[in-house]
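Reader: Hello! Could we walk through this structure together, one question at a time?

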Amino acid sequence: MRMIIIPNQYSIPKAFLKFEEDGSMTDSSFYTRIVDVLEELYKFTLLTRGQSAYLTDCYSERVETAEQLSKCVNQRSL
């Protein structure tokens with residue numbers, strides 16, 4: 001699918017209860033875990049920035065001829 005998968009994720013049950021009136025998140029283990037996930041996202045962003053050409057290169061597309069690609073893309077119907 002050509003997407004970077006971050007193996008770390010987190011969900012907060014009843015998230016609407018975990019925020020203060022000013023919109024900030026309450027200090028809790030949920031907050032700590034969210035910061036961990038965001039740090040990991042940031043690290044993956046730094047590691048993959050500028051690598052699009054390498055990360056999206058696909059063997060099957062390199063061997064596909066221009067005519068085959070045109071037929072596939074310009075279909076009138078499925």
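Reader: Where is S24 found?

Author: Happy to start there! This is a predicted model, in which local features need pLDDT of at least 70, side-chain atom pairs count only at pLDDT 80 or more, and totals for chains, interfaces and linings use all residues. Residues are numbered from 1 along each chain as its sequence is written, and side-chain values use heavy atoms, with hydrogens and water left out. Helices here are DSSP runs (H or I, at least four residues), numbered from the N terminus, and S24 is found in the segment before α1.

Reader: Is S24 buried, partly exposed or exposed?

Author: Buried means under 20% relative accessible area, exposed means over 50%, and partly exposed lies in between (1.4 Å probe, protein chains only). The relative accessibility of S24 is 33%, so S24 counts as partly exposed.

Reader: With which side chain does the side chain of S24 make a polar contact?

Author: A polar contact is a pair of N or O atoms within 3.5 Å; within protein, one must be able to donate a hydrogen and the other to accept it, and residues adjacent in sequence count only if both atoms are side-chain atoms. At 2.7 Å, the partner of the S24 side chain is the side chain of D22.

Reader: What is the sign of the phi of K14?

Author: K14 also has its place in the segment before α1, and at 57% relative accessibility it counts as exposed. K14 is not a glycine, yet its phi, about 50 degrees, is positive.

Reader: How far apart are the end C-alpha atoms of α1?

Author: The helix α1 covers residues 29–48. The expected span of a helix is 1.5 Å times one less than its number of residues. For the 20 residues of α1 that gives 28 Å, which agrees with the distance between its end C-alpha atoms, 29 Å.

Reader: Where do the buried residues of α1 fall, seen down its axis?

Author: The residues F30, V37 and E40 are buried in α1. Their arc, taken from the directions from the helix axis to the C-beta atoms, is within 90 degrees, so these buried residues line one face of the helix.

Reader: And which residues are exposed on the other side of α1?

Author: Turn the helix around in your viewer and look at its other side. The exposed residues there are L38, Y42 and K43.

Reader: Which side chain of opposite charge is nearest to E40?

Author: Lys and Arg count as positive and Asp and Glu as negative, while His and the chain ends are not counted. A salt bridge needs a side-chain nitrogen of Lys or Arg within 4 Å of a carboxyl oxygen of Asp or Glu. E40 is buried yet has no salt bridge, and the nearest side chain of opposite charge, 6.4 Å away, is R33.

Reader: Which residues does E40 touch, not counting those up to four places away in sequence?

Author: Contact means heavy atoms within 4.5 Å. With residues up to four places away in sequence left out, E40 touches I6, P7 and N8.

Reader: Which residue with a positive phi follows α1?

Author: Let's finish just past the helix. The phi of this residue is near 80 degrees, and the residue is G50.

Terms used:
Helices (H or I, at least four residues) and strands (E, at least two) are DSSP runs, numbered from the N terminus.
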